[in-house]
Amino acid sequence: MIQADNLVTIMNIDDTTERNERILNEVQPVIRRVINAFLEKYGDREPYLRQLRVHTHEQTLRTTIADSKNPKYADKKKHYGNRGFVELIDDQYEDTILVVLRMEFHLENGEIRIGSTSDFYPFWVFYKKTLVLEMEEMIKELHKSIRIFTTQGVIEHEDFITTVGQFLNEKRKPTINFGTSIPLQGSLNEESLIDHLWEVYQHLSPVRHLLEKESQIHSKSITFMKLLHKDTNSFPIELFSKVYRVETEAEVKKIRVNVYKQEFKIYDQDQLITDGQMEYYYRDPHESIGVIINNYGHLFNQVRKVATSTSSFDWYIKKSFYQRGKYNENNENQLYRVKIIDLFKEHNLKLNESNAFFVGTYLGDSHTFTEPISKIKERLITAACLSADVKEFFVFPKGSSPVEAPGGEEDEDTENIVTYESSFDFEQIIDLVNQSGLTFSSEIVRDFYLNLTSLDDKHFVILNGISGTGKTQLCKVFANAVYGLDYKEDNPYMRIVPVRPDWMDSTSLFGYYSSFEKAYMQTEFLKLLLQANKEKDKPFFVVLDEMNLARVEYYLSDYLSAVESRKPIQLHNQNNLIDIPQKIEIPHNFYVIGTINVDETTHSISDKVLDRAFVMTLSDVDFSTFWETLDEKWKSSVQGEWRLLLQVHQLLAEYELHFGYRTMTEMIRKLHKNRTLPVDFQMDSKVAVDRILTEKVIPKIKGDERIALLLEDLQQILLIEFGIQSESYKHISRMRKELERYGATQFWR
């Protein structure tokens with residue numbers, strides 16, 4: 001017998017550590033005992049049960065106990081620990097875990113919950129018109145005792161399909177639970193619980209069969225897409241009679257939930273022409289692949305039909321265009337369609353009677369293609385490049401046309417409608433920033449996040465620091481992370497506006513009405529501001545790059561005044577302008593970030609501006625982390641030179657004359673490129689470092705007697721490393737003499 005009342009009283013314990021330890025030591029063993037007895041009693045009758053893996057809540061409880069003893073996490077974890085559970089899961093499917101049966105003792109609610117659970121995606125798939133009958137059949141066969149519920153409450157059987165549609169309209173994807181509950185009270189007979197588990201298991205069979213079917217299809221689709229990950233050898237593609245080389249990265253990176261990318265680059269000899277990526281959408285809700293060229297998607301295709309074929313399947317994709325509204329006023333979609341078909345024919349892509357192009361033949365029984373994967377990717381990337389060229393997102397050089405080829409069968413493709421969802425969830429932001437490969441510490445990202453978001457009605461941050469420390473990169477990677485985008489993706493909610501030295505008033509930002517043109521002269525800043533006023537539920541980011549090249553208080557005064565007063569800015573007084581309002585507000589969703597460098601070409605920033613901004617300094621350079629994130633090909637070729645570059649940097653840093661990530665990256669790339677030359681033409685490694693210090697580091701050294709010791713130490717290092725005849729040694733020697741003679745020195749003469 002189970003004394004349920006004793007277990008429920010555990011919730012009266014306020015101490016997090018003690019409460020979770022009691023659940024671990026008293027509740028979990030009881031549930032495990034019942035589940036084991038269930039498997040023993042019914043495993044022979046239902047052999048499938050013995051194939052399932054037992055998963056428990058125990059590791060999570062141990063983690064909570066450890067965290068509760070750590071002052072750093074204790075407060076966050078104080079409400080953790082209100083249940084115990086054991087579940088039987090089927091994990092034979094790729095990228096899918098099927099929860100077959102779960103027993104949970106929910107102490108806080110005083111009930112035992114028995115059932116299964118699933119994410120929302122399978123029901124999204126079966127909500128489609130062609131499959132909804134199967135979901136209707138599941139509901140019809142589902143036993144009346146089985147409840148359907150989410151965290152928001154119970155869903156009646158007859159309302160289930162309608163509710164799924166409602167969730168889709170509200171862009172929600174809740175976990176769906178199926179099962180029953182009984183009171184956790186008094187003395188409970190374990191044998192009765194075991195029999196109840198069997199009864200619920202049988203009653204859940206309609207749900208299980210539907211989820212198993214979807215898991216099998218999803219698993220085959222993921223297996224198919226992972227097949228495309230393989231074969232990262234370079235291969236040629238021919239575009240407009242010119243042959244290019246495609247290099248594919250081996251790593252497949254997760255860029256957001258259920259979306260992965262594999263980057264590639266297109267070269268003409270050693271010259272990079274453009275880059276792109278294969279994107280794999282594991283759930284959308286169907287599985288799809290996309291081919292992105294120059295940050296724009298040009299080819300998307302659902303893969304279920306080909307992936308689930310049981311024999312030989314000829315994979316064809318029909319390329320379509322989906323311009324909308326004013327972008328299709330002259331039937332551009334059809335014009336693009338005609339052009340792309342002609343280009344497919346010119347480039348020897350095999351077409352069928354519907355003008356879909358042939359990708360390859362897939363053998364479903366052996367999960368392979370009849371040709372190398374590189375050939376499949378070649379056709380996909382070729383088609384995407386031609387689409388990019390047709391729409392002029394990236395125009396390739398033109399040559400003579402290839403010969404036409406015949407066709408086969410169609411597989412309609414699906415163009416993605418891009419939607420952007422924003423979130424200021426810090427854990428998501430820091431995760432995406434870390435995935436970008438850029439070298440920003442968590443402390444910097446956190447400070448930037450707080451500075452931008454701590455004030456609800458004002459978002460103005462100034463980033464100060466030496467050149468090359470990634471100020472502009474930080475802005476971009478952060479804005480993209482807010483939208484769940486990869487660092488390299490184009491973000492329509494972010495603009496980088498270079499500041500010009502001739503900006504003297506607010507028209508540089510807000511534009512002006514030209515009486516000569518009879519039109520309003522718009523700026524990028526104003527365009528983004530107008531859009532921010534239309535979409536007030538979305539954050540908009542504008543970066544004023546090198547903002548102190550002009551006097552900030554001159555061109556930014558109207559903005560600062562409007563933010564403080566919350567009054568609109570007067571743009572014009574014309575009554576005949578339709579697109580541009582006479583006045584405009586600075587909405588709460590408008591984020592302004594300025595980057596500054598301080599040198600002889602820039603202006604100081606007044607207190608009026610500084611009082612209205614958070615000022616961050618990005619001068620600290622973490623080359624240890626930078627080195628760890630470098631590609632192995634760079635690290636292996638410049639290992640020796642790195643030591644000296646780091647030594648010089650550390651010496652310069654003591655005098656605030658050090659260099660940033662940009663300079664270090666460019667130096668490393670030149671040193672690596674030198675190593676790729678034929679041996680007879682390579683510079684000696686020390687000569688190469690000597691040259692690169694002369695070209696990238698020493699030109700920025702200048703100062704008065706305060707840098708005398710720096711020059712002395714630097715001269716000694718250069719003498720030891722390169723000798724008296726080296727270029728860098730000669731320059732530093734000359735600068736030391738000038739410092740002694742004139743009291744100041746610089747590289748330039």
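Which residue in the turn of the hairpin formed by S10 and S11 has a positive phi?

## The S10–S11 hairpin

In this predicted model, the residue in question is Phe 240, whose phi is about 55° and which lies in the turn of a hairpin that leaves two residues between S10 and S11. The two strands, S10 at residues 235-239 and S11 at residues 242-248, run antiparallel to each other and pair over five bridges, and within this pairing Ile 237 has Tyr 244 of S11 as its bridge partner.

In a regular strand, side chains alternate between the two faces of the sheet. Strand S10 shows such an alternation, with Phe 235, Ile 237 and Leu 239 buried on one face, whereas Pro 236 and Glu 238 point to the other face and are not buried.

## The largest cavity

The count of cavities of 30 Å³ or more comes to five, and the largest of them holds about 90 Å³ of space. Strand S13 (259-268) and strand S14 (271-281) are the elements that each give two or more residues to its lining, which includes Glu 263, Lys 265, Asp 275 and Gln 277, as well as Asp 486, Lys 488 and Glu 489. By class, the lining of the largest cavity divides into six charged, four polar and two nonpolar residues.

## The second largest cavity

The second largest cavity encloses about 40 Å³, and among the residues that line it are Leu 98, Val 100, Ser 116, Val 207, Arg 208 and Leu 211. Here strand S4 (98-106) and helix H9 (205-229) are the elements contributing two or more residues, and the lining of the second largest cavity comprises six nonpolar residues, one polar and one charged.

Methods:
Residues are numbered from 1 along each chain as its sequence is written. This is a predicted model: local features need pLDDT of at least 70, side-chain atom pairs count only at pLDDT 80 or more; totals for chains, interfaces and linings use all residues. Side-chain values use heavy atoms; hydrogens and water are left out. On a 1 Å grid over the protein atoms alone, a cavity is a set of points where a 1.4 Å probe fits but cannot get out, and a pocket is an open set with protein on both sides within 12 Å along at least five of seven lines; lining residues have an atom within 4 Å of a point. Grid points are joined across faces, edges and corners, and a volume is the space filled by probe spheres set on the points. Helices (H or I, at least four residues) and strands (E, at least two) are DSSP runs, numbered from the N terminus. Ala, Val, Leu, Ile, Met, Phe, Trp, Tyr, Cys and Pro count as nonpolar, Asp, Glu, Lys and Arg as charged, and the others, Gly among them, as polar. Buried means under 20% relative accessible area, exposed over 50%, partly exposed in between (1.4 Å probe, protein chains only). Two strands pair if DSSP finds at least two bridges between them.
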